[in-house]
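Hello,

Thanks for taking this one on. I am passing the structure to you below, and after it you will find some notes on the cavities.

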Amino acid sequence: MTADSSAPPTATYRLQLQPDLPFAAAEKAVPYLAALGVSHLHLSPVLEAAPGSTHGYDVVDHSAVRAELGGEEGLRALAATAAAHGLRLVVDLVPNHMAVPAPESLNAPLWAVLRDGPASPYARWFDIDWDGGHGGRVLLPVLGGRLGDELRDIRADGDVLRYHDHVFPVRPGTERLPLPRLLDAQWYRLAWWRLARSEINYRRFFTISELIGVRVEDPEVFDATHRTILRLLREGVVDGLRIDHPDGLAAPGDYLARLHAATGGRWTVVEKILTGRERLPHGWKCAGTTGYDALRHLDGLFVCPLGAGRLFTVYRDFVAPLADTGGDWEETVRRAAYEVVTHDLAAEVERLARTAGRISDQASHQGDHAPWALRTAIRELLVRLPVYRPYATDGAGARDPRRGEQDAAMLAEAAARARTVFRAPEEALAVDLVRDLALGLLGDGPDCVDFCARFAQTSSALRAKSVEDTAFYRYVPLLSACEVGSDPGAPTVGVDTFHAYCARIQRDWPLTSTVLSTHDTKRSADVRARIAVLTECPDRWRELLRRVSAGPAGGEGPQPPDQQLAWVAWQTAFGLGKPSAERLIPSVLKAVREAGLHTSWTDQDAGYEEAVGDFLRAGPCGPAASSLTELAAELAPYVRANVLSAALLHLTMPGVPDLYQGTETEYTALVDPDNRRPPRLRAALLTELDDGTGPQDLSGEKMFLTATALRLRRAHPRWFGAHGTYTPLHADGTAAGHCLAFTRAGQVVTVATRLSLRLSEDGGWRDTELSLPGPGRWRDLLTGREVPGPVVCLRELLQRYPVALLVAEG
């Protein structure tokens, strides 16, 4: 069996490569993955990365395949084995940034810039503001303290400077200078890491100083950074691409157009986070997104609207007496955004303000705006944008009139609100200037173009940092809703909304990727499925918290450092199922540091963090966990219904399903690095199922369902692909709202159960029936039973499983 490199994927399987999971290990997994039913392996970044990296997004060399994974020889061997089993490779591409590694010489282009300054041919590679202070030098925030205190640990060694693991080039001709003068003579300035907030003068990935932005909008830089991957595509080693964080680029649409031309139109998806009703720009040359929009619609189906409101009340009553919870999701986001834009992104705002000031000075009709007014206007507009960024400088966006109208309306509304913070009308005019610059309305001069691009890039960094990395950890009534692309303030999705989404995807982006779990999800799909059940029984959750807080015999239970921490800890432990201190403590510690309410990554409170660990060991990971076990046993049938229903919907809805490593069986994982552990691939279980052994547990059932659906997709790609159709099916009867069903191409019917606990409490399916598309006979691939049409009783159809996968006979 060989692979067809011209065919788009029917399904992809993500392997998180790292030194503990190199190409050779992935090659051993190929026979199992081919038997599972996927068409493509989806590999995390394969180019040379910082030594020991467990993710590969810290690229140091675009010209070589990563040696720690087996090098290009290992990648080619993997591709050959995959092709022999009918599979192709999709790889993750990181165009936005490179690592600032230690030693710095690992990044040769950056090393050349540090040595030769703006005259280096590599200076065009990086987004460095050479005029942004520091005497025309790059600020490197690598020191553990102020320079005077760290001077004793810096030493000259011939043509390099050494500081612990860091090594820096010496500017030619300055080797003989004494150390203080030598430091001043370089093209870089070594500084305390805390100065990155306010003084850094290069674009970063979000706020991570160890990742420097790359200018792929420059054709020369694009060619150099994509040469190896494009060669591997031409030679058939690689067949498709996933593009990491395109919103960090100056013009994502232009980049995708150039990439599309260079790849010959290979299947490419982009990690674009869509917010609310935002749509992927129609002009983008790609197959669609990496699937977080699908994740949000799938998750929301299993959140009970009434119960979610009740759960928030339980949360407020449990937490509010001792902590300021923020109360409102939008307000939580706003507060976080103000903190980030004022502190972590202060340097980026300052650069924008300087550029706007030059434009204001040069254009007399724009008025004379004080620096503080421009700075304030920039901040106020940025924090009020409801999406990741506008696309005014994006050629593809500019060609989409709807996109331009949406951006104009969005910025007009943000500007109206931003003006209210100014006392004098003439001061508020600064808002109008910033709005017009952000929309690219003031011409195509270098400063205007620069401001427009930088504003959009800063906006995406602000949104990611304030929402993904802060607000999601502060607003926690329902942890399953705190996921990228989701809306914790409105976590429910109705059946009609889901159908409308699927119809739109089938029409506009039929080959987009869809996901439930990724290397970036804070909780795997099965953890979220467990937590979502709590919205169907919020009073049981309230009672559990009462018991674990009271402790045995009515005494005091384990005492948390604060009530919000206790809520997060108990809900996380419930989602994990079998909490262990080894896995739970790092996850909860990361949560409280990201929240930044009591401790943070940059200002750690050792006493508070020690109290967190003590509470977790005594509470969710201690004797009190027996209450969790009891509740988990009570809710197990409804967790099972959520897990299997979400999986089947994901595997049969429009788009190309991407499975994360290990998720074909029950998979409970928390935020990274927990979710990046090498997977346990259960090939023996798949063999047993194929030999006729029925599923014995949830893992077996999920494996059986997954393999059945994937093999069906692979055997009939037209039913599910770009030329297929999606038609909602609606049940009739007292429990109709608990059924979600649709048909693909009139040949396959998916039936899933939602809110199964409420369904059980209301008496089950009773008289509820589902009309099938046509009068013929059908077969349920999960039970093997023949199902006569045109109407089926759901009580009978869903007797064995909470889901059904029907195929038309003949």
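What volume does the largest cavity have? It comes to about 170 Å³. Please keep in mind as you look around that this is a predicted model.

To set the scene, the search covered the whole structure and turned up seven cavities of 30 Å³ or more. I will take you through two of them.

**The largest cavity**

Its lining is made up of 17 residues. If you want to find the centre on screen, go to Leu-516, Ala-647, His-650, Thr-663 and Lys-702, which are the lining residues nearest to it. Four elements each give two or more residues to this lining: helix 19 (525-532), helix 24 (625-652), strand 18 (656-660) and helix 26 (698-715). Helix 24 contributes the most, with five residues. Sorted by class, the lining of the largest cavity holds ten nonpolar, four polar and three charged residues.

**The second largest cavity**

Here the volume is about 140 Å³, and 16 residues form the lining. Nearest the centre of this second cavity are His-42, Arg-242, Thr-290, Val-515 and Asp-658. Strand 18 turns up again, since at least two lining residues come from it, and strand 1 (12-15) likewise supplies at least two. By class, the second largest cavity is lined by six nonpolar, seven polar and three charged residues.

A good place to begin might be strand 18, which gives residues to the lining of the largest cavity and also to that of the second largest.

Happy exploring, and do write back with any questions!

Best wishes

Notes
Residues are numbered from 1 along each chain as its sequence is written. This is a predicted model: local features need pLDDT of at least 70, side-chain atom pairs count only at pLDDT 80 or more; totals for chains, interfaces and linings use all residues. Side-chain values use heavy atoms; hydrogens and water are left out. On a 1 Å grid over the protein atoms alone, a cavity is a set of points where a 1.4 Å probe fits but cannot get out, and a pocket is an open set with protein on both sides within 12 Å along at least five of seven lines; lining residues have an atom within 4 Å of a point. Grid points are joined across faces, edges and corners, and a volume is the space filled by probe spheres set on the points. Ala, Val, Leu, Ile, Met, Phe, Trp, Tyr, Cys and Pro count as nonpolar, Asp, Glu, Lys and Arg as charged, and the others, Gly among them, as polar.
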